[in-house]
Amino acid sequence: MDNEAMSPSDQVRKYAYQHHILPARIAKSPTVTFTSGQIHEALGFKDRLPCVCDALATKKFEVTYGVKRMSITGPLQSTATTFTFSV
């Protein structure tokens, strides 16, 4: 599916998988950590931090990409919100 035809939440989940989860799996890392700000910036979003954080905090992300959320730290819905997943 073309990114333009995807919802912003689906874009976030797909980006996180392709650029963070998949490389961690290839490297055989047990966990991966990234911030909402990294994804927000990479996708060129403006004022969509709540969307980014919500998309990564859903069961849908965990089920779709076979990950388990270990923690969410930092301020809520900010560029510094940090997500850690087991991969």
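In which helix is the place of L22? I looked this up first and found L22 in helix α1. I note at the outset that the model is predicted.

**Entry 1. L22**

I read a relative accessible area of 31% for L22, so I record this residue as partly exposed. I then compared L22 with T33: the two are 11 residues apart in sequence, and their C-alpha atoms are 12 Å apart in space.

**Entry 2. Helix α1**

I checked the length of α1, which runs over residues 8-26. With 19 residues at 1.5 Å a residue, α1 should span 27 Å, and its end C-alpha atoms are 26 Å apart, which agrees. I also looked for a change of direction and found that α1 bends by about 40° at Y17.

Which residues of α1 are buried? I list Q11, V12, R13, Y15, A16, H20, I21 and A24. I next asked what covers these buried residues. The cover includes β1, α2, α3, α4 and β3, the last of these at residues 82-86.

**Entry 3. K28**

I followed the chain past α1 and came to K28, which has a positive phi near 60°. K28 is not a glycine. I note for context that most residues other than glycine have a negative phi. Where does K28 lie? I placed K28 in the loop between α1 and β1, the latter spanning residues 31-35. Is K28 buried or exposed? The relative accessible area of K28 is 75%, and because the cut-off for exposed is over 50%, I enter K28 as exposed.

**Entry 4. D47**

I found a positive phi at D47 as well, near 55°, and D47 is a residue other than glycine. D47 lies in the loop between α2, residues 36-42, and α3, residues 49-56. I read a relative accessible area of 76% for D47, and therefore I enter D47 as exposed.

**Entry 5. E62**

I turned to helix α4, residues 59-65, in which E62 lies. Why does E62 count as buried? The relative accessibility of E62 is 9%, and buried means under 20%, so E62 meets the cut-off. Which residues does E62 touch, not counting those up to four places away in sequence? On that basis I record V67, K68 and R69 as the residues touched by E62.

**Summary entry**

I close with the accessibility readings: L22 is partly exposed, K28 is exposed, D47 is exposed, and E62 is buried.

Key: Residues are numbered from 1 along each chain as its sequence is written. This is a predicted model: local features need pLDDT of at least 70, side-chain atom pairs count only at pLDDT 80 or more; totals for chains, interfaces and linings use all residues. Side-chain values use heavy atoms; hydrogens and water are left out. Helices (H or I, at least four residues) and strands (E, at least two) are DSSP runs, numbered from the N terminus. Buried means under 20% relative accessible area, exposed over 50%, partly exposed in between (1.4 Å probe, protein chains only). Contact means heavy atoms within 4.5 Å. The expected span of a helix is 1.5 Å times one less than its number of residues. The bend at a residue is the angle between axes fitted to the seven residues ending there and the seven starting there.
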